[in-house]
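Open your viewer and get ready to click along. At each stop you will select something and then look at what is there.

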Amino acid sequence: MTKSLLETRGAERCFEAPIVGVQVSRDGQTLAALTIDGDAVLMARETMRQSDEWRVVSVHDGALSFAQGCGEDSFLSGGEDGRVVSLAADGTATELHKGRGWIDCLASTSTHYAFSCKKQVSLREAGGTEDLKSLEHPSAISGLAFDAKGRRLAASHYNGVSLWFVQSKDANVHSLTWKGSHTGLCMHPGGEAVVTSMQENELHGWRLSDGHNMRMSGYPRKIGSMDFTRKGRWLATSGADAAVLWPFFGGGPMGKAPMELARLPGLFTTVVKTHPTDDIVAIGFEDGTVLLAEVGGDEGRILPMCNGQRSGGVNRGAVTSLTFTPQGGALIFGTEEGYVGVVDLSAHG
């Protein structure tokens, strides 16, 4: 049997709890994963294929959210313990916030970070422990994201999305309204649109130039993951037995059919992540399978990273998160059964 790329060009290790998220530092030199128990796994880029070199640091009493840090070599985590922590590549943890409520969502740029607790979003400068703004929303926050330039902060909640200007001294909000439960959000890299996943197995979007509504439906399951390709031409999503990509060009997505990549009949996608420099999508499935698929053309290539089952028939569990290093030279993923895997995609192998 042919060995997978994970076996020949990567490494993996199993932890005792599901993986909440995986991240890569802004400088690309450190890869990290966070377990639901609150342990962070840190690996240096040069030794990432040596799983015995991975460092494990206890950060939270129950972890919920994970994001890149503002600094070049740091991460942000939030937990059931009401804490927001900045974690350095060397394992040093600095508490930035301590409250009574769970930290549900995190987002950051190189200059600011934001986190949510129930209906409230706190916006702070990088490394800061005091709020620049405390933003009240109509209901609990389900998603949080800065736009590509870090000028606006978007928060999804029941009945829509709230947009805030980071540098504005007041708290004036631009509301994007659509009735229903919005469960997550994604912002177009060119600032052209905001898209949310819905409880009803569909997507809803707003064109920011004029507030025009967009609806993308037909999914057999809820969409738990979405990501725009590098230039914003396609929105890749989970929620079907293939990655579903909606065109955001030529007048799309309304009136346009989506493209499907890497169908595995009987298996549903759980996570998608687009490549930072090429038109490639990493796709994670409910059995632990991870694939890379090329976007465009009738003969799109598919490259398997790993099969759902390890040797010996052990199932890795559903893929919960995956991401690339900044130039796309490595891929890291985590699963429900506590597996963390990393694959070296660079030319030198």
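## First stop: a sheet of four strands

Select Val 41 and you will find that Val 56, in strand 5, stands opposite. Before you go on, keep in mind that this is a predicted model.

Now widen the selection to the strands around this pair. Strand 4, made of residues 39–44, pairs with strand 5 in the antiparallel sense, over four bridges. Both belong to an open sheet of four strands, ordered 2-3-4-5, with antiparallel pairing. Which strands are at the edges? Strand 2 (19–24) and strand 5 (55–58) are the edge strands, each pairing on one side only. Turn the view and look along the sheet: on average, neighbouring strands are turned by 20° against each other, direction ignored. As a reminder from the textbook, strands of a sheet pair through backbone hydrogen bonds, in either a parallel or an antiparallel way.

## Second stop: two faces of a strand

Next, select strand 13, residues 133–136, and show its side chains. In a regular strand, side chains alternate between the two faces of the sheet. Here you can follow that pattern: Lys 133 and Leu 135 point to one face and are buried, whereas Ser 134 and Glu 136 point to the other and are not.

Add strand 12 (residues 120–125) to the selection. Strand 12 and strand 13 run antiparallel and are joined by four bridges. One pair to click on is Leu 123 with its bridge partner in strand 13, Lys 133.

## Third stop: salt bridges

The whole structure holds 14 salt bridges. Let's visit a few of them.

Select Asp 344 and Arg 49. They form a salt bridge whose closest N and O atoms are 3.7 Å apart. This pair links distant parts of the chain: Asp 344 sits in strand 32 (residues 339–344) and Arg 49 in the loop between strand 4 and strand 5, 295 residues apart. Is Asp 344 buried or exposed? Asp 344 is buried, because its relative accessible area is 3%. Arg 49 has 33% relative accessibility, so Arg 49 counts as partly exposed.

Move on to Glu 95 and Arg 83, another salt bridge, with the closest N and O atoms 2.7 Å apart. Glu 95 is in strand 9 (residues 93–98) and Arg 83 in strand 8 (residues 83–88), so this pair ties together parts that are 12 residues apart in sequence. At 40% relative accessibility Glu 95 is partly exposed, while Arg 83 is buried at 18%.

Then select Asp 279 and Arg 230, where the closest N and O atoms of the salt bridge are 3.2 Å apart. Asp 279 lies in the loop between strand 26 and strand 27 (280–285), and Arg 230 in the loop between strand 22 (226–228) and strand 23 (234–237), so the pair ties together parts 49 residues apart in sequence. Asp 279 is partly exposed at 35% relative accessibility. Arg 230 is also partly exposed, at 35%.

Finally, add Asp 81 to your earlier pair: Asp 81, Arg 83 and Glu 95 are joined into one network by salt bridges that share partners.

## Fourth stop: a buried threonine and a loop leucine

Select Thr 269, which is part of strand 26. With a relative accessible area of 5%, Thr 269 is buried. A polar atom of its side chain lies 3.1 Å from the backbone nitrogen of Gly 239. Leaving out residues up to four places away in sequence, Thr 269 touches several others, including Thr 237, Ala 240, Ile 283 and Phe 285.

Now find Leu 264, in the loop between strand 25 (259–261) and strand 26 (269–274). Leu 264 is partly exposed, with a relative accessible area of 25%. Its contacts, again not counting residues up to four places away, are Asp 241, Phe 285, Thr 289 and Leu 291.

## Last stop: the cysteines

How many disulfides does a search of the whole structure find? The answer is zero. Select Cys 186 to see why: its sulfur is 14 Å from the closest cysteine sulfur, in Cys 105, which is too far for a bond. Cys 186 is buried at 9% relative accessibility.

Cys 306 is similar to inspect. Its sulfur is 13 Å from the closest cysteine sulfur, in Cys 14, again too far for a bond. Cys 306 is buried too, with a relative accessible area of 1%.

How values were computed
Residues numbered from 1 in each chain as written. Predicted model: local features only at pLDDT ≥ 70, side-chain atom pairs only at ≥ 80, totals over all residues. Heavy atoms only, no water. Helix = DSSP H or I, 4+ residues; strand = E, 2+ residues; numbered from the N terminus. Buried < 20%, exposed > 50% of the residue type's maximum accessible area, 1.4 Å probe, protein only. Contact = heavy atoms within 4.5 Å. Pairing = 2+ DSSP bridges. Axes fitted to C-alpha atoms, helices over the stretch in contact; angles between N-to-C directions. Polar contact = N/O pair within 3.5 Å; in protein donor to acceptor, adjacent residues only side chain to side chain. Salt bridge = Lys/Arg side-chain N within 4 Å of Asp/Glu carboxyl O. Disulfide = S-S within 2.5 Å.
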